[in-house]
Amino acid sequence: MAERQTQEPAPSEAWRATGERIDALISAGAAGGPAARERGEELVRLVTDFYGAGLERLLDLVHEHGGLDDRVLAALADDDLVASVLLVHGLHPYSVERRVETALESVRPYLGSHGGDVELLGVTADGAVRLRLLGSCDGCPSSSATLALAVRGAVEAAAPEISTIEVEDAAGTEQAPGPLVPVDSLFSRLREAAPAGTDGGTAAEAGTADAGAGGSGASWQPVPALLALESGGVERLSAAGFPLVACRIGPDVFAFRDRCARCEQPMKGATLARRLGGGAGDGVLRCSACRAHYDVRRAGACVDTDADGAHLDPLPVLADGASVSIAVPAAPAVAT
């Protein structure tokens with residue numbers, strides 16, 4: 001245990017701390033007056049532009065020598081830190097449309113578990129993403145605002161440079177656009193909070209605003225304890241008073257309401273294991289009370305022969321390597 005306490009911070013945590021330090025230094029420079037602050041901001045911009053030009057030339061050289069193949073591009077896009085820096089400089093290897101569609105794929109299991117889906121209608125020339133929510137969440141413990149929050153959060157994290165998100169329901173009725181994340185500094189995506197809104201608020205605050213507009217609503221809640229959760233681990237905790245159970249499979253974090261769908265008891269002592277014959281990324285959460293088994297990647301669907309459609313209540317998760325946030329219903333739920 002002592003050895004773990006002396007380990008160096010994870011790279012993502014170190015970069016997040018660096019971003020916070022830069023912000024603090026710029027703010028401290030304001031004590032010297034507006035001119036001093038402007039000089040500090042100009043210095044950051046010049047250094048960022050300088051390294052951006054170097055990154056662009058580096059990618060050009062790799063491409064000229066045949067090294068920038070699909071495998072390398074995928075590795076660059078999958079690394080949170082590298083992808084964040086490339087986004088800032090407009091060098092991300094994948095288009096906005098591709099990144100948005102990938103983000104939508106990540107939330108479709110959650111939407112599908114509530115009878116919903118989402119369709120990408122297109123991305124306009126001025127950077128507006130047009131989406132259509134399909135299906136219904138009637139009878140679901142999460143409100144329609146929670147569904148919209150899950151979609152918006154995933155899209156904003158994947159493509160923070162977009163100008164706005166326009167959401168329609170299945171009837172074609174347009175909903176109010178959600179807050180967006182402008183890419184205005186090199187470290188904007190490396191801070192502890194979930195993606196910020198245009199007014200500098202956190203995603204949790206943006207979710208609260210959506211709740212006010214949508215009635216019942218939900219909010220993004222940062223859960224820093226899940227950063228240390230190891231692959232194969234299960235942890236029960238609460239976010240804003242909402243009890244949840246979370247687990248990790250490799251880099252992926254999954255969260256559910258802390259209540260078994262079969263015995264309706266909290267998932268105390270739950271374990272995560274690979275299903276018999278399952279692949280490397282497979283994961284089944286087992287309730288210790290009634291021994292029910294739930295497929296983590298299929299939004300908590302029960303895989304037992306007598307499941308009868310039972311499934312856990314999944315919660316949207318945003319994880320960028322530096323932080324983990326979970327969207328929870330506005331009204332706290334109590335596990336029985």
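**Helix packing and loop residues in a predicted model**

I'll start with a contact between two helices: L76, A77 and D78 in α4 meet D80, V82, A83 and L86 in α5. By residue class, this contact divides into five nonpolar, no polar and two charged. Keep in mind throughout that this is a predicted model.

Now the geometry of that pair. Two packed helices are described by the angle between their axes and the distance between the axes. Helix α4 covers residues 70-78 and helix α5 covers residues 80-88; their axes come within 5 Å and cross at roughly 90°. That crossing makes α4 roughly perpendicular to α5.

Stepping back to the whole chain, we have eight helices and 15 strands. The chain has 336 residues, and 40% of them are buried. Of the contacts with a separation of 6 or more, 51% are accounted for by residues 24 or more positions apart.

Next, helix α3, residues 34-64. Does its length fit or conflict with what 31 residues should span? At 1.5 Å a residue the expected span is 45 Å, and the end C-alpha atoms are 45 Å apart, so the two agree. Which residues of α3 are buried? They are A36, T48, G52 and L59. On the general point, an α-helix has 3.6 residues a turn, so residues three or four places apart point the same way. Just after α3, G66 takes a positive phi of about 75°.

Positive phi also turns up away from glycine, and I have two cases. The first case is A240, with phi near 55°. A240 sits in the loop between β6 (234-239) and β7 (242-249). Its relative accessibility is 51%, and the cut-off for exposed is over 50%, so A240 counts as exposed.

The other case is R291, a residue other than glycine with a positive phi near 65°. R291 belongs to the loop between β10 (284-286) and β11 (293-295). At 52% relative accessibility, R291 counts as exposed too.

Last, D306. Where is D306 placed? D306 is in the loop between β12 (301-302) and β13 (314-315). With a relative accessibility of 48%, D306 counts as partly exposed. What does the side chain of D306 make a polar contact with? The partner is the side chain of R262, at 3.2 Å. D306 and A292 are 14 residues apart in sequence, and their C-alpha atoms are 9.8 Å apart in space.

That is the end of the tour.

Key:
Residues numbered from 1 in each chain as written. Predicted model: local features only at pLDDT ≥ 70, side-chain atom pairs only at ≥ 80, totals over all residues. Heavy atoms only, no water. Axes fitted to C-alpha atoms, helices over the stretch in contact; angles between N-to-C directions. Helix = DSSP H or I, 4+ residues; strand = E, 2+ residues; numbered from the N terminus. Parallel < 35°, antiparallel > 145°, perpendicular 65-115°, else oblique. Contact = heavy atoms within 4.5 Å. Nonpolar A, V, L, I, M, F, W, Y, C, P; charged D, E, K, R; others polar. Expected span 1.5 Å × (residues − 1). Buried < 20%, exposed > 50% of the residue type's maximum accessible area, 1.4 Å probe, protein only. Polar contact = N/O pair within 3.5 Å; in protein donor to acceptor, adjacent residues only side chain to side chain.
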